[in-house]
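Q: Could we go through this structure together? I should like to begin with the make-up of a lining.
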Amino acid sequence: MERICNIIRNGTSHAVFVMAGPGIGKSSVTDAVTERLAGELNVLRIHASSALSAVPFGVLTPYTGDLTAEESVSPVAVLRSMWSYFEKLKAGNQAPVLLSVDDAHQLDEASAGILADLISAGWATVLAAASPRPGLPQPLDQLWYDGLAERVDLRPLNREQIEEVLAHVLDGTIPAATVDAVWSASGGNPRILDALLHDAAEAGILAKRNGIWILLGPLPADGPRLGRVVAKDHLRRSPEEQEALKLIALAGPVGRKVIEDISGAALVRSLLDQQMVVEMPGVPAALSIWNGLFGSAIRHTISVSRSLQLFEKVKAHQDPGLLRGEGLLRSVEWALECGLRPDDDQMLAAAREALQRFRNHSARSIAARIHNPSLLPLAQAIQARALYNEGAYAEAAALLDECWPHLADDPHGPAVLLLQVSAYQATGQPLAAVAEDVRKLAAGPGGAVGWQEELLCLLRLGAEVDLEALTGRVAALRQSSPDDQSADPLRALAEGLLAQALAAAGRAGQGLDAALLAASELPPLKGSLFFFPEFVLCRLVADYLAMGEWESAERELDSYAAGHPAGAATFNGSLQVLRGYSLLRQGRMERAYQVLLPAVEALRLNDPLQLNRFGSALAFYVAARLGDAEQARRLEQDYKDAVAGGPAYDFLAEAYAAAAAEYLARDGKGLAALQTQMTTPEATARAGNLLEVLAICWDLGDPSVIPIIQETAPGVEGRWAEALLTLSTAWENADGDALMATAASLEEAGFANLAREAYARASTVLEESGERRRARQAVAQRERCDHELGERFREGRFIAAAPAVHLTRREQDIVELAVQGLTDREIAQRLMVSVRTVEGHLYRTYVKLGVRSRDELESALPR
């Protein structure tokens, strides 16, 4: 805006064209500029519109009122009249004239020609806002090509800009999932963004939980702010345009020919040019409103009676046999909104489509209206999966109890049974009790079927992490007939469970092969009522992490997020736990903390993969390691309250929780619990899990585990186990040169956290041997690893230079940021804690360092 003001003030150009699509903010920019310059210039306004675009000089009527009818169509007479008006205006204050033109793309050619002449003659400066499609009329466009006008293009806000806006208007931490949802819904449109944030906050959908802003449901399309945006846009449009937009909003995606038949091809082209409507690829071509939320908001402005009239109008021009996918779904939704009843087959297809798009409320409401006895069980299963997606596990389980016995012989049977078991486990029921209840249900009229016992057996073996038995079952399933439809879900399940068991046993390389085989079974399961893609992804990522293949794990998570945006609201919390786990394993504690805290908040609402207990334990561990005792104690309670997540995850969760308790209390109890855990039969049978527990103990400062690591690591597959073995061997040998070489190789291999420990050990060994110069080199290398990991203070200048001053890790973080000049609120947002926590830590730090204010901190810090 400042740039535009300077151009106009300096007179470097007599025209500035602000170009942007609908709602991007071009009118807001021109309004702000004219408001800023109102005291310096004589500001006049022109509002172009589609209604006046066919009237020559129509928009200039306020300035040509003295002309006769004949003169009013003469360009020369109009130009003279404009000049006279300007001269009278300037007579009062001698200030130049600024002519602000809104929607300049709607100007008629005659008016555009007059404005071009005014600009060329220097009689006025023109500030025009226009859409790039269809663009400015030719006379104005030519001025830009000739260099006589400046053009400023406004773009939709990108994700980073949306994040900046949210950080500015919301006091607290905004997780990536919230940013992504707001960005996707608003399309980067500032008007919609502003309305959306106000409506979501007022409706309680955008809520702050433990300092973190999360979405408690879908963003609202019926809020008052968004409604006003739609109403304002409609006022600028002709009745014909309003009607066409309503038709497309109600029916979209709807065939282009249908709307052309009703509203005319010229009007459709105009709406496409204005970017109010987008054409979706396919045969036949279909039209949708440019923004889904905007389209939904338009629908909320239409009465039921009017909607019914428009429905009948579209129906008369639409071939129902061509309806597919989202078009079919919207057609059924619209009919139900109008009080009509589509046939049950059509509603079932629409409900399944809604479920695939994670439009859970729509899936439930459509499926609940199906009464055909033959379709009712599947309709109930669809409702149950939608409830499961929303975190209503008890309600989902109750519905599945009703429908599963009737689907035992159906191709959907295995998926429905898996969903039923998952729903009951999510409510806290153990697998054995669930399996027994399922068998009782199956003892009804249909009786048990072979695949049911096989499925329950696989789940039991997976829960017991019985690798030998699972291997046998998987081998048998791999030999099953490819024509057996019930075998497809069983193979995907079995391979996934085997992948997890192999990783726990230290055979993650083989586990990865099994996970990839499970992934190969997914195409036939597309559209399944069970979440097979996410189930397999979780095991695939776990295998990569067990091997130390951080980048591969990250790539899989990114690939899923890019390919399944609709599932983000349901599965994002679970996937963020895996992302945070990856960062933790790499030693990137600060980043892990920033990921895990929002993930745990998301899992409070919805935990489809049953990772809440594991995620809470990881967050508890990271909080304790970083010295954030307040958050750690809260997360400890979350861990204790969470439902069990399966033996493999619970074993590690127990280890991380014990370590976290030790970091908090330093009383030896947590370490003792870990040492006890290492001697359990589960640990003995799961070399991969055992090695991870040993690494946790070593991180706590227990060197007694090094011999056990050297004994265990050779039997564990993957780069991480190999790197840990290398470090432990060099550590015990206590050779400075060998430690430096080991550290360098670990750093090159991507294990910066292990390299850091090797450099730290090398610095101690070299210092003890009198090689102080090389010891300092080792310290410098270790600090470089700290920097790479984001661990800026680990054994840094606070502790090393001032052993009498015992600042916690969190106190160190806060002090460093305070010294950099950040406010308490900025520090809180950066470290994802409350402002009160920052204030408390700073107060305790002042006492420890003997200072009274942050102004004295810098001088009090050890050099």
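A: In this predicted model, the lining of the largest cavity comprises 15 nonpolar, four polar and two charged residues. Here Ala, Val, Leu, Ile, Met, Phe, Trp, Tyr, Cys and Pro count as nonpolar, Asp, Glu, Lys and Arg as charged, and the others, Gly among them, as polar.

Q: Which residues lie nearest the centre of the largest cavity?
A: Those are Ala503, Ala542, Ala546, Leu652 and Asn689, out of 21 lining residues. Lining residues have an atom within 4 Å of a cavity point, on a 1 Å grid over the protein atoms alone, where a 1.4 Å probe fits but cannot get out.

Q: And which helix supplies the largest share?
A: Helix α26 does, with four residues; helices are DSSP runs (H or I, at least four residues), numbered from the N terminus.

Q: What is its volume?
A: The largest cavity has about 270 Å³, the space filled by probe spheres set on the grid points, which are joined across faces, edges and corners.

Q: Turning to α18, is it buried or exposed?
A: Of its 14 residues, 13 are buried (under 20% relative accessible area, 1.4 Å probe, protein chains only), so α18 is largely enclosed by the rest of the structure.

Q: What follows α18?
A: Just after it, Gly391 takes a positive phi of about 85°.

Q: What conventions apply?
A: Residues are numbered from 1 along each chain as its sequence is written. Local features need pLDDT (the predictor's confidence in each residue, from 0 to 100) of at least 70, side-chain atom pairs count only at 80 or more, and totals for chains, interfaces and linings use all residues, while side-chain values use heavy atoms, without hydrogens and water.

Technical notes
1 Å grid on protein atoms, 1.4 Å probe; cavity = no way out; pocket = protein on both sides within 12 Å on 5 of 7 lines; lining within 4 Å. Helix = DSSP H or I, 4+ residues; strand = E, 2+ residues; numbered from the N terminus. Buried < 20%, exposed > 50% of the residue type's maximum accessible area, 1.4 Å probe, protein only.
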